[in-house]
Amino acid sequence: MELFRHFAQWIGTTAFNEWLGENAWVIPISQSLHIVCLAVVFGSAIVISLHLLGIVRPGRSTSQTVTTLVPWMYRALFVLLVTGVVQTIAEPVRQLVTPEFIWKLVLVVGVLAMTIVFARSVRRNPAAWDSPASRPAAAKAYAVTSLLLWTTIVVLGRLIGYTWAFYA
Amino acid sequence: MNLHDFLKALEATPLAAAVRGATPGWDWLFPIVETVHVIALALVFSSIVMLDLRLVGMASRESSVSRLSRELLPITWTAFVVAAISGTILFISKATGYFGDIRFKMKFVLMFLAGVNMLVFHRGAYKHVEEWDVALPPPAAVRFAGAASLLLWTSIVFLGRYIGFYA
């Protein structure tokens with residue numbers, strides 16, 4: 001944790017950190033984009049999970065849903081990474097010394113890895129995923145796990161704004 | 001009782017005080033309600049965007065509009081109810097402050113416009129959806145409704161974040 005604190009203090013001395021401090025309008029825009037993109041990722045994940053669990057009245061096949069939504073999740077995750085880095089450079093101590101932030105990153109990496117493996121499997125054999133009978137047994141486990149992980153990630157992200165003051 | 005008195009009375013309720021953090025031991029209520037609001041708005045916004053992108057003909061082109069809306073709209077409305085309830089709870093905690101904020105007013109003007117856009121679409125083009133359900137590109141009126149909705153809801157999310165930042 002001490003290493004993170006030093007790293008955060010060093011970011012606090014960089015020119016970009018100073019520029020973000022002088023241009024206070026950048027961060028609300030970055031945070032708004034961050035919410036828009038988290039909505040795209042979270043909503044896509046929920047729709048895919050509801051398909052796999054058979055909770056929605058499907059308007060298209062599961063494989064179509066996955067091949068449509070997963071590329072949008074990757075695009076949105078890229079914007080989330082960029083805006084997240086900007087916000088971390090603007091307020092390095094707030095983010096880097098807060099355990100919620102570290103947990104959030106770990107869970108994002110985990111659920112992203114799961115999603116990549118899952119989406120590849122759907123692309124390789126779409127027909128098998130379309131019917132509940134032929135779907136791999138892991139489908140429901142993936143649906144529930146990704147739903148729980150993404151929800152936890154959103155909760156942790158929001159909590160950083162409240163708990164960081166205890167750690168800073 | 002005028003509007004200002006009414007907003008003051010809302011702020012004076014025990015729930016408002018607890019959400020505001022004015023009640024010892026209840027400091028966690030605001031972050032919890034706010035997190036519920038974020039999760040709900042994420043679902044409202046994303047399900048609307050999925051449908052809007054289909055209406056403008058940019059995504060989900062293999063699904064018909066009517067089938068896709070049957071899949072997505074139950075998610076939109078369920079999440080909207082949760083967002084409205086959690087939003088109301090957040091609002092009463094500082095009713096006079098939020099009500100006086102220009103971003104808060106703009107957000108509700110845009111939500112009203114988004115509602116009008118949706119009504120016009122449902123009473124208009126969607127009445128004979130079977131004629132253009134799978135047509136690509138969709139008719140101009142349909143694409144316009146989708147594009148207007150995308151623009152309005154994105155602005156609504158931005159204004160919501162700005163309210164949290166400045167109000």
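Contacts in chain B, to start. Take those with a separation of 6 or more: residues 24 or more positions apart account for 75% of them. Keep in mind that this is a predicted model.

What is chain B built from? It has 7 helices and 0 strands. From the N terminus on, the order reads α-α-α-α-α-α-α. The C-alpha trace spans about 60 × 30 × 25 Å along its principal axes. Of the 167 residues in chain B, 48% are buried.

Two spots in the loops of chain B deserve a look. The first topic is B:S60. This serine sits in the loop between α3 and α4 of chain B. Its phi is positive, near 50°, and the residue is not a glycine. Is B:S60 buried or exposed? Its relative accessible area is 6%. The cut-off for buried is under 20%, so B:S60 counts as buried.

Next, B:P137. You will find this proline in the loop between α6 (102–123) and α7 of chain B. The peptide bond that joins B:L136 and B:P137 is cis, with omega at about -5°.

Now the interface. On one side, 32 residues of chain B take part; they are in contact with 37 residues of chain A. How much area is buried between the two chains? About 3,000 Å². Carbon and sulfur atoms give 72% of that area. As background, the size of an interface is often given as the accessible area lost when the parts come together.

Then the polar side of the story. Between chain B and chain A there are 2 salt bridges. One salt bridge pairs the side chains of A:R158 and B:E34, at 3.0 Å from N to O. Polar contacts across this interface come to 8 residue pairs, with both residues at pLDDT 80 or more.

Which helices of chain B supply the side that touches chain A? Three of them give at least two residues each: α3 (29–55), α4 (65–93) and α7 (140–166). The largest share comes from α3(B), with 13 residues. By class, this side of chain B has 21 nonpolar, 5 polar and 6 charged residues.

Over to chain A, and its own helix α3. This helix covers residues 26–53, 28 residues in total. Does its length fit, or not? Let's work it through. At 1.5 Å a residue, α3(A) should span 40 Å. The C-alpha atoms at its ends are 40 Å apart, so the two values agree.

How many residues of α3(A) are buried? The count is 25 of the 28, so the helix is largely enclosed by the rest of the structure. Right after α3(A) comes A:G54. The phi of A:G54 is positive, near 75°.

Last stop, A:Y74. This tyrosine lies in helix α4 of chain A, residues 62–90. A:Y74 has a relative accessible area of 31%. Buried ends at 20% and exposed starts over 50%, so A:Y74 is partly exposed.

What does A:Y74 touch, leaving aside its neighbours within four places in sequence? Its contacts are A:L112, A:T115, A:I116 and A:A119. A general point on helices fits here: with 3.6 residues a turn, residues three or four places apart point the same way. Finally, a distance along the chain. A:Y74 and A:A90 are 16 residues apart, and their C-alpha atoms are separated by 24 Å.

Methods:
Residues are numbered from 1 along each chain as its sequence is written. Chains are lettered from A and ligands numbered from 1 in the order in which they are written. This is a predicted model: local features need pLDDT of at least 70, side-chain atom pairs count only at pLDDT 80 or more; totals for chains, interfaces and linings use all residues. Side-chain values use heavy atoms; hydrogens and water are left out. Helices (H or I, at least four residues) and strands (E, at least two) are DSSP runs, numbered from the N terminus. The expected span of a helix is 1.5 Å times one less than its number of residues. Buried means under 20% relative accessible area, exposed over 50%, partly exposed in between (1.4 Å probe, protein chains only). Contact means heavy atoms within 4.5 Å. Buried area is the accessible area (1.4 Å probe) that two parts lose on being put together, summed over both. A salt bridge is a side-chain nitrogen of Lys or Arg within 4 Å of a carboxyl oxygen of Asp or Glu. A polar contact is a pair of N or O atoms within 3.5 Å; within protein, one must be able to donate a hydrogen and the other to accept it, and residues adjacent in sequence count only if both atoms are side-chain atoms. Ala, Val, Leu, Ile, Met, Phe, Trp, Tyr, Cys and Pro count as nonpolar, Asp, Glu, Lys and Arg as charged, and the others, Gly among them, as polar.
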